[in-house]
Amino acid sequence: MAVPHRDSVQRAVDLLAVLLPPHAEAAEVGRVLQAHGEPPTTLSETDLAKLREAARELREVFAASDVAEAASVLNRLFAAYAGPPRLTDHEDGFGWHLHIDTADDGPWDRWLVTSSALGLATLLADRQGPPGGLCASPSCGKPFAHLGGGSPRRYCSPRCATRERVAAHRTKK
């Protein structure tokens with residue numbers, strides 16, 4: 001069974017991966033949204049610009065140096081974006097779940113921040129640690145989530161970790 005807050009955190013990571021680079025494409029963002037269960041949508045340039053700003057704000061959670069800083073960033077995002085908690089099933093039998101945005105058809109940027117912050121906050125509270133981080137590879141820096149158990153991650157993917165280990169090994173030789 002999927003864990004909703006983990007799904008929203010992974011969706012945030014995937015969206016930040018396409019929104020943070022300088023030339024984010026609306027079609028690419030739409031594909032990520034659709035891959036995470038959103039209906040096909042056409043994003044305007046205004047939507048895309050606001051989503052990119054929301055992504056930059058969410059990146060601060062992943063860039064936090066410790067759990068207290070991550071919690072502080074999340075609390076700031078809640079104060080700026082969140083409304084009272086409410087349950088919704090989107091009037092189409094989607095399944096009841098918690099929202100803290102103001103409307104089911106609200107702006108994409110507010111939805112991204114509120115749904116992501118709620119998932120990240122739940123993950124932080126569950127783990128009692130930062131909900132994610134930024135890839136330690138100097139050539140990458142992508143956000144990643146701490147979704148599993150075990151030691152905290154330093155890299156966004158095994159590929160980045162391997163690339164850095166190989167580079168370190170070559171430097172020693």
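**Exercise 1. Find out which residues Tyr155 touches, leaving out residues up to four places away in sequence, and place Tyr155 in the model.**

Step 1. Start with the neighbours: Tyr155 touches Cys135, Ala136, Ser137, Phe144, Cys160, Ala161 and Glu164, once residues up to four places away in sequence are set aside. Touching, or contact, means heavy atoms within 4.5 Å.

A word on what you're looking at: this is a predicted model, where local features need pLDDT of at least 70, side-chain atom pairs count only at pLDDT 80 or more, and totals for chains, interfaces and linings use all residues. Residues are numbered from 1 along each chain as its sequence is written, and side-chain values use heavy atoms, with hydrogens and water left out.

Step 2. Now find the spot: Tyr155 sits in the loop between β4 (143-145) and α6 (158-172). Helices (H or I, at least four residues) and strands (E, at least two) are DSSP runs, numbered from the N terminus.

Step 3. Check the accessibility: with a relative accessible area of 17%, Tyr155 is buried. The cut-offs are under 20% relative accessible area for buried, over 50% for exposed, and partly exposed in between (1.4 Å probe, protein chains only).

Step 4. For a sense of distance, go from Tyr155 to His169: they're 14 residues apart in sequence and 17 Å apart in space, C-alpha to C-alpha.

**Exercise 2. Is Asp101 buried or exposed, and which side chains make polar contacts with the side chain of Asp101?**

Step 1. Look in the loop between β2 (97-99) and α5, where Asp101 is found.

Step 2. Asp101 has 6% relative accessibility, so it counts as buried.

Step 3. Look for polar partners. A polar contact is a pair of N or O atoms within 3.5 Å; within protein, one must be able to donate a hydrogen and the other to accept it, and residues adjacent in sequence count only if both atoms are side-chain atoms. The Asp101 side chain has such a contact with the side chain of Arg86, at 3.0 Å, and another with the side chain of His99, at 2.8 Å.

Step 4. Widen the search to any touching residue, not counting those up to four places away in sequence: Asp101 touches Arg86, Trp111 and Thr114.

**Exercise 3. Find the aromatic pair in the structure and say what kind of pair the rings make.**

Step 1. There's one aromatic pair to find. The partners are Trp108 and Trp111, with ring centres 5.3 Å apart and planes at 85°, so the pair is edge-to-face.

Step 2. Compare that with the rule: rings of Phe, Tyr and Trp (its six-membered ring) pair if their centres lie within 6.5 Å, and planes under 30 degrees apart count as stacked, over 60 as edge-to-face and the rest as tilted.

Step 3. Place the pair: Trp108 and Trp111 are three residues apart in helix α5 (residues 108-127), so about one helical turn separates them. Both Trp108 and Trp111 are buried.

**Exercise 4. Work out how α3 packs against α5 and against α4.**

Step 1. Take α3 (residues 45-63) with α5: the angle is about 20° and the axes are 8 Å apart. That makes α3 roughly parallel to α5. Axes are lines fitted to C-alpha atoms, for helices over the stretch in contact, and angles run from 0 to 180 degrees between N-to-C directions. Angles under 35 degrees count as roughly parallel, over 145 as roughly antiparallel, 65 to 115 as roughly perpendicular and the rest as oblique.

Step 2. Find the residues that meet: they include Leu51, Ala55 and Leu58 of α3 and Trp108, Leu112 and Ala117 of α5.

Step 3. Turn to α3 and α4, which pack at about 155° with axes 8 Å apart. That makes α3 roughly antiparallel to α4. Among the residues that meet are Leu58 and Val61 in α3 and Leu74 and Leu77 in α4.

**Exercise 5. What is the sign of phi at Gln128, and where does Gln128 sit?**

Step 1. Phi of Gln128 is near 55°, a positive value in a residue other than glycine. Most residues other than glycine have a negative phi.

Step 2. Gln128 belongs to the loop between α5 and β3 (132-134).

Step 3. At a relative accessible area of 62%, Gln128 is exposed.
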